[in-house]
Every structure is written in C-alpha cells, then in structure tokens.
Amino acid sequence: MTEKIDIPVSGMDCMECAAHVRSSLESLPGVVSVDVLLSSAKLVISYDPDRTSAGAMKRAVKEAGYAVPDETVSADASLAAFTRRVLTMFGIVFGAVVCAVVFGEWLGVFASVSGNVPWWIWVAVILLGGYPVFANVIRASLRGRIISHTLMTLGMLAAIAVGEWSAA
C-alpha cells in the first residue's frame, strides 16, 4: 500500500535542481514516484510507509543541498507573505535603480566614479553584494552541478576581466 506526501522545498531555481532532488529521492528504498513541482516549490511523493518515512525523505532533500521549510504556516499565508515581500522588494529595487541611473547619468557620476574608485573597493563591493549568489555557485560546483547562478557569476567575472567594474 502506498501513501502520498507533499514536501515543501526551498532553494530550487532550475530544472537541473529539480532533477537532482528527484534522483536523490528516487534512490531511497520504498519511494515509488516523485513529482517535482518547481513553480510551487514542493514535491509530491508516492511511497511505501513500511520501507521509508517522511523524515528520511526530508533528510534526503537536505543532503541534496536544499531546505525543507517549517510546515506550521499555512500555504495561503506563506504565499501571501511571499508575494508581499517580492512586490515590496521589486518596487524598492526598481525605484532605486531608476533613480540611480537617471541621476547618475545626468550628473556624470558613473564616469567619475568608475575612474576614481580604486580597484580593491570595487572588488569588496562585488564580493559583499554577490556573496549569496557566489555561495550557491560554490555549493553547486562542489556537487558537480551547474545552476543558473553559475552563468551570472561567469558574466560578472567577464566584466571584471575587461575592466568594467561598474557592470560587474
């Protein structure tokens, strides 16, 4: 007799991530099928409860490099909170970027800053600002995987290589 369980997963951002989680779970004894719903950030697993447990499946997800959030918050409440955070962050970032670009170009700040800031300050800003992305890329690389952040990191390194610190 099989049962089904839904397990929320955070940290998956591409099809390669979904395939990695699926293969990690399918290797467990008793797991019959795994459906990875990337857009919903959850797994739907059919399994034999006599051969495996929810705890074992959650450990497999964590060992694959992804997080299993606390399930005490309802799905609707977490979706509403997530949507609110995303829209707020989008508005703040969009407004800041538009202001910076308009005033920076208008006043000639970009040309002045690019020429007068020492390289080590640019490196520090890039490393501090990009730390979360770089950490994900390093973790994925250590597991032998390429994720979407890997391409972003390569673009940043290319910009540094040609001397475009502000683009990096």
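Helices in this account are DSSP runs of H or I with at least four residues, and strands are runs of E with at least two, numbered from the N terminus. By that convention Val113 belongs to helix H4. The model is a predicted one, and the account below starts with its sheet, moves to the helices that cover it, and returns to Val113 at the end.

The sheet is open and has three strands, arranged in the order S1-S3-S2 with antiparallel pairing. Strand S1, residues 3–8, and strand S2 are the edge strands; each has a single partner, so one side of each has no neighbour in the sheet. Averaged over the sheet and ignoring direction, neighbouring strands are turned by 20 degrees against each other. In general, strands of a sheet pair through backbone hydrogen bonds, in either a parallel or an antiparallel manner.

Strand S3 takes part in both pairings. On one side, S1 and S3 run antiparallel and are joined by six bridges. Two positions give the register: Ile7 is opposite Leu43 of S3, and Pro8 has Lys42 of S3 as its bridge partner. On the other side, S2 (residues 31–37) pairs with S3 (residues 42–47), also in the antiparallel sense and over six bridges. Here Val31 has Tyr47 of S3 as its bridge partner, while Asp35 is opposite Val44 of S3. The hairpin of S2 and S3 has four residues between the strands, and Ala41 in this hairpin adopts a positive phi near 55 degrees.

How enclosed is S3 by the rest of the structure? Five of its six residues are buried, so S3 is largely enclosed by the rest of the structure. Lys42 has a relative accessibility of 27%, and because buried requires a value under 20%, Lys42 counts as partly exposed.

Lys42 also has a charged partner. A search of the whole structure finds one salt bridge. It is formed by Lys42 and Asp6, whose closest N and O atoms are 3.4 Å apart. The pair connects distant parts of the chain, since Lys42 is in strand S3 and Asp6 is in strand S1, 36 residues apart. Asp6, with a relative accessible area of 40%, is partly exposed.

Leu37 lies in strand S2. With residues up to four places away in sequence left out, Leu37 touches Lys42 and Val44. Its relative accessible area is 32%, so Leu37 is partly exposed. Leu37 and Arg51 are 14 residues apart in sequence, yet their C-alpha atoms are 24 Å apart in space.

Two helices lie across the sheet strands. Helix H1, residues 15–26, lies across S2 and S3 and runs at about 165 degrees to S2. Helix H2, residues 54–63, lies across S1, S2 and S3 and runs at about 40 degrees to S1.

The loop between S3 and H2 contains Thr52. Is Thr52 buried or exposed? At 10% relative accessibility, Thr52 counts as buried. Its contacts, again not counting residues up to four places away in sequence, are Leu28, Pro29, Gly30, Val31, Tyr47 and Met57. Two of these residues, Val31 and Tyr47, are bridge partners in the pairing of S2 with S3, and Met57 falls within the residue range of H2.

The remaining part of the account concerns the surface of helices H3 and H4. Which residues make the nonpolar surface patch of about 920 Å²? They are Phe90, Phe94, Val98, Val102, Phe103, Trp106, Leu107, Val109 and Val113. The elements that give two or more residues to this patch are helix H3 (75–107) and helix H4 (109–116). H3 supplies the largest share, seven residues.

Val113, in helix H4, is one of the patch residues. A patch residue must have over 30% relative accessible area. Val113 has 32%, so Val113 passes that cut-off while counting as partly exposed.

Conventions
Residues are numbered from 1 along each chain as its sequence is written. This is a predicted model: local features need pLDDT of at least 70, side-chain atom pairs count only at pLDDT 80 or more; totals for chains, interfaces and linings use all residues. Side-chain values use heavy atoms; hydrogens and water are left out. Two strands pair if DSSP finds at least two bridges between them. Patches are made of residues with over 30% relative accessible area and no salt bridge: like charges are joined within 9 Å, nonpolar side chains (Val, Leu, Ile, Met, Phe, Trp, Tyr) within 5 Å. Accessible areas come from the Shrake-Rupley method with a 1.4 Å probe; for residues, only the protein chains shown count as cover. A salt bridge is a side-chain nitrogen of Lys or Arg within 4 Å of a carboxyl oxygen of Asp or Glu. Buried means under 20% relative accessible area, exposed over 50%, partly exposed in between (1.4 Å probe, protein chains only). Axes are lines fitted to C-alpha atoms, for helices over the stretch in contact, and angles run from 0 to 180 degrees between N-to-C directions. Contact means heavy atoms within 4.5 Å.
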